[in-house]
Structures are given as structure tokens and as C-alpha cells.
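Student: Could you pick one spot in this model and take a close look at it with me? After that, I'd like to see how it fits in with the rest of the chain.

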Amino acid sequence: MTPTLFLRPFHSALRTPHSALARLALLALLAAAPLAAAELTVTLQDLQGQPVVDAVVSVTPLDAPLPPFAATAPVATVAQKGGEFSPYVTPVRTGTRVRFPNEDQVQHHVYSVSKAKPFEIPLYAGNEEHSEVFDKPGVVTVGCNIHDWMVAYVVVLDTPWFARSGEDGQARLSDLPAGRYRYDVWQPRLAKPLTEEIVFTADGPAAKRALTLTLKVDRRVRRALEGGSGGAYKP
Ligand SMILES: [Cu+2]
């Protein structure tokens with residue numbers, strides 16, 4: 001069992017001259033560890049009853065500070081495959097480094113003019129390594145200068161609690177300390193982001209929410225590179 005393994009270094013730390021420091025460090029660890037954690041599952045569907053994919057559900061504490069940011073930037077990946085970005089929507093915490101590998105045989109020119117992260121990666125092919133740190137919260141729309149149908153979204157959030165809805169329209173969040181929160185739902189076709197307050201109790205059942213979203217028409221034109229997996233597009 002892990003407790004024995006955990007206690008041994010603690011006892012040896014107590015015998016060192018820095019025992020007070022060690023004790024303080026342990027107390028800080030205990031204080032940071034939530035005694036009980038809540039879970040939230042949000043089920044999203046559109047007006048036709050179809051599951052809504054690629055929605056980002058995020059949860060922000062209203063009465064407690066956000067957990068500290070990681071010392072080293074986490075890494076996420078938005079690839080270019082068959083003339084599309086993959087994934088289409090990527091939620092990340094503020095400070096995350098996002099890699100943009102090109103898995104196609106053609107060059108891409110990835111850029112954004114969004115306020116939270118304007119950037120440009122001039123024409124590049126697969127083997128070059130390109131990444132950007134997303135250091136401000138906000139929705140960053142990413143495009144390609146060569147293939148104007150290519151679009152992706154990086155949703156940069158200060159909170160560490162977020163999830164993207166899958167094919168079943170569900171977004172699941174766990175390890176939420178008890179408390180009062182605000183949850184937000186964002187989706188590229190959602191006319192207006194949706195916000196609601198929610199309270200998690202330490203011993204309560206997992207919270208579930210079912211939401212019906214009004215989505216704008218999907219105007220994306222699915223095209224693929226010539227000879228690519230998707231077929232017929234000719235530039
Ligand atoms: Cu491109």
C-alpha cells in the first residue's frame with residue numbers, strides 16, 4: 001500500500017535539521033489536497049436533439065483561488081492532416097505550449113490574428129518543429145494562409161478544469177474541490193457563450209447537467225488536399 005511508502009521519507013525528513021521545513025511542506029501538501037472531489041458531466045445537444053461535439057466546458061471557482069500554474073509549460077498539439085487541422089477545437093490552460101506539426105506532404109502557413117495570441121508560422125513542411133506559447137486567456141482562431149478553408153480553435157483558459165465534448169456530446173470534469181463555481185460552455189457555432197453557477201458539495205452525488213444549445217449553421221467547407229484522404233478538392 002502506498003501510505004507506508006509515503007511515510008518513510010517523511011520520518012527520515014523529521015530527523016534532519018530542516019525538519020520544521022519538511023513538516024511545513026507536508027502540511028502545505030495536505031492543505032492543497034482536496035478531501036473530497038466532485039464530478040460534473042454536461043450533456044450537450046442541439047435543437048434537433050443531436051449531440052454537440054467540440055464544445056468546451058470549463059469550471060472556475062468563485063470563492064477560491066485557482067490552483068497554481070505548472071512550473072513547466074504543458075504541451076498540446078494541433079496537427080495538419082489531409083488539409084485540415086486536427087483537433088478542430090483544443091482547450092488548454094494559459095501558459096501551454098502548442099505544437100503545430102505538419103503531417104501533410106504540402107506546406108502550410110499557420111497563423112492567427114486573434115487578440116489573445118496573434119502569431120504566424122511562415123510556410124513550413126513536416127519535419128520542422130514549430131510551437132507557440134499561449135499565455136493569455138481567450139479564444140484563438142487559427143487558420144492557414146494557403147488553404148483558406150482550414151480552421152481550428154485553441155481555447156485558452158485560466159482554470160485547470162475543462163473538457164471538450166466528444167461524439168456523445170458529453171464533457172466530463174473530475175477532481176473538483178467542493179465549493180461555488182461558474183461553468184462556461186463555448187462552441188464555435190454557439191451564438192453566445194453560456195454561463196451558469198453551480199455548487200459542489202464534498203459528499204454530494206456527481207453533478208449532471210443537460211443543456212440544449214442553439215447553434216449557428218456550420219459553414220465549414222470540408223475539403224481535402226489533392227490526393228489526400230478526403231478526395232476531390234483541386235486548388
Ligand atoms: Cu494549409
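Tutor: Let's agree on one word before we start: two residues are in contact, or touch, if their C-beta atoms, placed from the backbone, lie within 7 Å. Also keep in mind that this is a predicted model.

Our spot is Gly 169, which sits in the loop between β13 (162-164) and β14 (170-177). Which residues does Gly 169 touch, leaving out those up to four places away in sequence? They are Thr 43, Leu 44, Gln 45, Pro 51, Val 52 and Val 53. Take Val 53: in sequence it is 116 residues away from Gly 169, yet their C-alpha atoms are 5.2 Å apart in space. Is Gly 169 buried or exposed? The cut-off for buried is 20 or more other C-beta atoms within 10 Å. Gly 169 has 20 such neighbours, so it counts as buried.

Now step along to Asp 54, in the loop between β1 (37-46) and β2 (56-61). Asp 54 also counts as buried, because it has 20 C-beta neighbours inside 10 Å. Its backbone is worth a look too. Most residues other than glycine have a negative phi. Asp 54 is not a glycine, but its phi is positive, at about 60°. You'll find another case in β14, the strand that holds Asp 175. Asp 175 isn't a glycine either, and it has a positive phi of about 60°. Here the surroundings are another story: Asp 175 counts as exposed, because it has 10 C-beta neighbours inside 10 Å.

Follow β2 onwards and you come to Leu 62, in the loop between β2 and β3. Leu 62 has 11 other C-beta atoms within 10 Å, so it is exposed. Still, Leu 62 has partners from elsewhere in the chain: setting aside residues up to four places away, it touches Arg 180, Tyr 181 and Arg 182. Leu 62 and Val 199 are 137 residues apart in sequence, with 9.7 Å between their C-alpha atoms.

Those long jumps lead to the chain as a whole. Among contacts between residues at least 6 apart in sequence, 62% join residues at least 24 apart. The chain has 235 residues, and 24% of them count as buried. It is built with two helices and 17 strands.

Next, the inside. The largest nonpolar core has 36 residues, and Ala 55, Val 57, Val 142, Val 154 and Val 155 have the most contacts inside it. β1, β2 and β14, which we've already met, are among the strands that each supply at least two residues of this core. β12 gives the most, with six residues. The core also takes at least three residues from each of domain 1 (31-66 + 159-224) and domain 2 (68-158). Zoom in on Val 142: beyond four places in sequence, its contacts include Val 78, Phe 85, Val 110 and Ser 112.

Ser 112 gives us a way into a hairpin. β8 (108-112) and β9 (119-124) pair antiparallel over four bridges, and six residues lie between them. Within that pair, Ser 112 has Phe 119 as its bridge partner.

There is also an open sheet of three strands, in the order β3-β7-β10, with mixed pairing. β3 (75-77) and β10 (131-134) are at the edges with a single partner strand each, so each has one side without a neighbour in the sheet. On average, neighbouring strands here are turned by 30° against each other, direction ignored. β7 (96-99) runs antiparallel to β10, and four bridges join them. In one of these pairings, Arg 97 is matched with Val 133 of β10.

One more backbone oddity before the ends. Most peptide bonds are trans. The bond joining Ser 86 and Pro 87 is cis, with omega about 0°. Pro 87 lies in the loop between β5 (84-86) and β6 (89-93).

Finally, how confident is the predictor? The average pLDDT is 84, and 80% of the residues score at least 70. Over residues 28-34 the pLDDT is below 50, and that stretch has one contact beyond near neighbours in sequence. Residues 228-235 also stay under 50, with 16 contacts beyond four places in sequence in the model.

Conventions: Residues are numbered from 1 along each chain as its sequence is written. This is a predicted model: local features need pLDDT of at least 70, side-chain atom pairs count only at pLDDT 80 or more; totals for chains, interfaces and linings use all residues. Two strands pair if DSSP finds at least two bridges between them. Axes are lines fitted to C-alpha atoms, for helices over the stretch in contact, and angles run from 0 to 180 degrees between N-to-C directions. A residue is buried if 20 or more other C-beta atoms lie within 10 Å of its own, exposed if 12 or fewer, and partly exposed in between; C-beta atoms are placed from the backbone. A nonpolar core is a set of buried Ala, Val, Leu, Ile, Met, Phe, Trp, Tyr and Cys residues joined through C-beta atoms within 7 Å. Domain bounds come from an automatic or database domain assignment. pLDDT is the predictor's confidence in each residue, from 0 to 100.
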